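Biologist: I am new to this structure and would love a close look at one part of it. Could you walk me through the sheet and the place where the chains meet?

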Amino acid sequence: MSKRTSKKKQWIRVDGRQYNELREVKIESGVLPNADGSAYIEMGRNKIICGVFGPREMHPKHMAKPNEAVLKCRYHMAPFSVDPRRSPAPSRRDQEITMVMRFALEPAVFLERYPRSSIDIYVEILEADGGTRCASINAASVALVDAGIPMKDLVSACAVGKIDDRLIVDLGDYEDKKGQSDLPLAYMPKLEKVTLLQMDGIMKTEEVEEAIKLAIDGCKQIYEIQREALKKKYGIDKTKMEEDTPDEDDAGDTTEVTEQ
Amino acid sequence: MSKSNVVSHLKQKKINEVLSTGKRMDGRSLEEYRPLIIKSDVLAKSEGSAEVKLGKTHLMVGVKVGTGTPFEDTPDEGVMMTNAEFTPIAHPSWEPGPPNEDSIELARVVDRGLRSAEILDTNELNIISGKLVHIVFIDFYILNYDGNLIDACGAGAIAALLKAKKPVYEIKKGEPVLTDKKVPLTIRKKPIPVSVIKIGDNFILDPNADEEEVMDVRLTITFDEDGNICTMQKSGSAGLTTDEIKKCINIAKAKAPEIRAKTMETMQ
């Protein structure tokens with residue numbers, strides 16, 4: 001950290017942030033009464049709501065797996081979430097994000113506990129401001145816990161990009177469009193595993209390695225915010241939690257942490 | 001390519017057993033590719049084309065150069081579009097219908113590699129600013145599926161684009177007039193995707209269909225000729241540690257020049 005800090009301290013981003021500073025992140029869980037679990041996230045100006053249903057009967061039935069639950073995801077942008085209006089039909093981009101989101105969340109869920117069933121995650125982007133896939137994963141992982149689904153870990157996500165040959169954490173819309181590259185990453189902080197990794201733009205190998213480190217640092221900060229959101233809803237006394245082993249006790253009473 | 005459970009688990013066990021001896025089911029070593037054969041200019045009606053065979057994986061790449069209106073935010077720039085078609089002749093489990101997730105991912109990952117490397121000079125594809133530009137369509141047509149489509153399509157795209165020609169327009173009284181002349185597209189970089197697959201504790205390259213079916217995770221990394229990374233895409237329902245990511249990057253980085261050289265060599 002020290003080397004990076006000293007080198008890049010003076011340089012300030014368009015919105016006044018330091019290179020490794022996240023946008024303000026607010027997460028609230030349990031926002032949709034009809035869903036089994038839900039979460040609302042504001043990450044900068046991104047506004048995203050996520051609902052989780054299940055485990056419930058798989059539909060269509062032939063898609064069910066005999067040995068585990070199927071995690072179904074849908075990433076969807078509201079027509080008014082971007083400028084100009086976009087069609088509500090899923091684009092190729094939406095379908096790809098849906099897929100990588102599923103890959104990002106699957107390693108965290110004990111799918112084998114619910115054979116033949118499905119767990120449905122629906123993400124709706126109400127307002128987009130760069131980094132929606134990461135914000136969606138952050139919300140979805142809180143919503144899964146809120147639904148009482150046993151999890152190995154929370155999944156936290158954050159992007160690192162390059163602009164003016166400098167690496168920056170958690171790109172806003174402007175930085176995303178004008179930057180040289182973008183590397184979204186999702187991470188399970190307890191299991192120390194990367195579950196989403198994409199990159200576009202040009203980066204040297206060393207820059208990629210550095211970017212991964214920065215993104216993981218960002219994910220760890222988001223992880224704490226996710227935990228706070230769950231503790232707030234489930235009324236867990238913070239001081240009491242620190243008395244009993246905080247490392248063993250993950251976000252909320254419905255979450256389980258296992259060793260690898 | 002979806003996991004068919006019971007069969008897959010048995011297959012996975014067998015493949016893992018063989019991998020732990022440092023060999024693979026078909027006798028290859030872990031980082032060995034199957035023979036890559038690329039023929040370019042195989043189709044007359046497309047502006048550029050290539051036929052790729054990577055072991056039993058067989059596909060065609062067609063480049064068509066058409067015209068259209070530019071995007072509002074880039075009025076002087078031509079457009080590149082990539083699409084992958086999973087034909088029902090390629091595999092018994094593939095059905096006709098709208099593109100599925102895998103075909104969208106394939107097209108988008110290869111597309112991002114080409115785009116990030118700025119392979120085409122988009123300004124060169126401009127005809128009349130704000131009104132008319134060339135649109136370069138790259139279509140992958142899978143004829144037989146036996147794994148590793150991203151790497152095969154990535155190499156095939158380079159081969160097809162290198163031979164692709166665009167029609168020349170003359171501007172007469174502000175109107176575009178099509179001439180008989182055709183000139184080659186300027187190809188600025190040769191980005192090559194290399195997919196590293198993790199099965200159990202082993203990292204392998206160029207998986208066949210069986211290996212792809214039982215893989216835990218895949219990390220595709222695209223390198224340009226200067227060794228820069230243009231694209232990464234992690235796929236599959238497992239996580240990777242940072243050390244494993246570094247390992248994948250190193251394996252792919254060492255292999256990319258060899259695949260690029262092979263792509264160029266088979267062009268003769």
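Modeller: Here is a tour that starts with the sheet, moves on to the contact between the chains, and ends with some side-chain pairs. Please keep in mind that this is a predicted model.

Let's begin with the sheet. It is an open one, built from 8 strands that pair in an antiparallel way. Reading across, the order is 7(A)-6(A)-8(A)-9(A)-12(B)-11(B)-9(B)-10(B), with strand 9 of chain A beside strand 12 of chain B. At the edges you will find strand 7 (166–169) of chain A and strand 10 (202–205) of chain B; each has a single partner strand, so one side of each is left without a neighbour in the sheet. From one strand to the next, the twist averages 20°.

Now zoom in on chain B. Strand 11 (residues 217–223) and strand 12 (residues 229–235) run antiparallel and are joined by 6 bridges. As an example, T222(B) has T231(B) in strand 12 of chain B as its bridge partner.

A helix packs on this sheet too: helix 5 of chain A, covering residues 205–234. Helix 5 touches strands 6, 7, 8 and 9 of chain A, and also strands 11 and 12 of chain B. Its direction makes about 140° with that of strand 6 of chain A.

That brings us to the contact between the chains. Chain B contributes 37 residues and chain A contributes 33 residues. About 3,000 Å² is buried between them, and carbon and sulfur atoms give 55% of that area. On the chain B side, E101(B), M232(B) and K234(B) lose the most area to chain A, together 20% of what that side buries. The chains are also linked by 3 salt bridges. In one salt bridge, E101(B) pairs with R102(A), and the closest N and O atoms are 3.1 Å apart.

Over all chains, the count of salt bridges comes to 42. One that stays in chain A pairs R17(A) with D170(A), at 3.8 Å between the closest N and O atoms. R17(A) lies in the loop between helix 1 and strand 1 of chain A, and D170(A) in the loop between strand 7 and helix 4 of chain A, so the pair ties together parts that are 153 residues apart in sequence.

Finally, have a look at the rings. In chain A, the charged end of R113(A) sits over the ring of F110(A), 4.8 Å from its centre, and K152(A) lies over the face of F110(A) as well, at 5.4 Å from the ring centre. In chain B, ring pairs link F86(B), W94(B) and Y145(B) into a cluster.

Technical notes:
Residues are numbered from 1 along each chain as its sequence is written. Chains are lettered from A and ligands numbered from 1 in the order in which they are written. This is a predicted model: local features need pLDDT of at least 70, side-chain atom pairs count only at pLDDT 80 or more; totals for chains, interfaces and linings use all residues. Side-chain values use heavy atoms; hydrogens and water are left out. Two strands pair if DSSP finds at least two bridges between them. Helices (H or I, at least four residues) and strands (E, at least two) are DSSP runs, numbered from the N terminus. Axes are lines fitted to C-alpha atoms, for helices over the stretch in contact, and angles run from 0 to 180 degrees between N-to-C directions. Contact means heavy atoms within 4.5 Å. Rings of Phe, Tyr and Trp (its six-membered ring) pair if their centres lie within 6.5 Å; planes under 30 degrees apart count as stacked, over 60 as edge-to-face and the rest as tilted. A charge sits over a ring if NZ of Lys or CZ of Arg is within 6 Å of the ring centre and within 35 degrees of the ring normal. Buried area is the accessible area (1.4 Å probe) that two parts lose on being put together, summed over both. A salt bridge is a side-chain nitrogen of Lys or Arg within 4 Å of a carboxyl oxygen of Asp or Glu.
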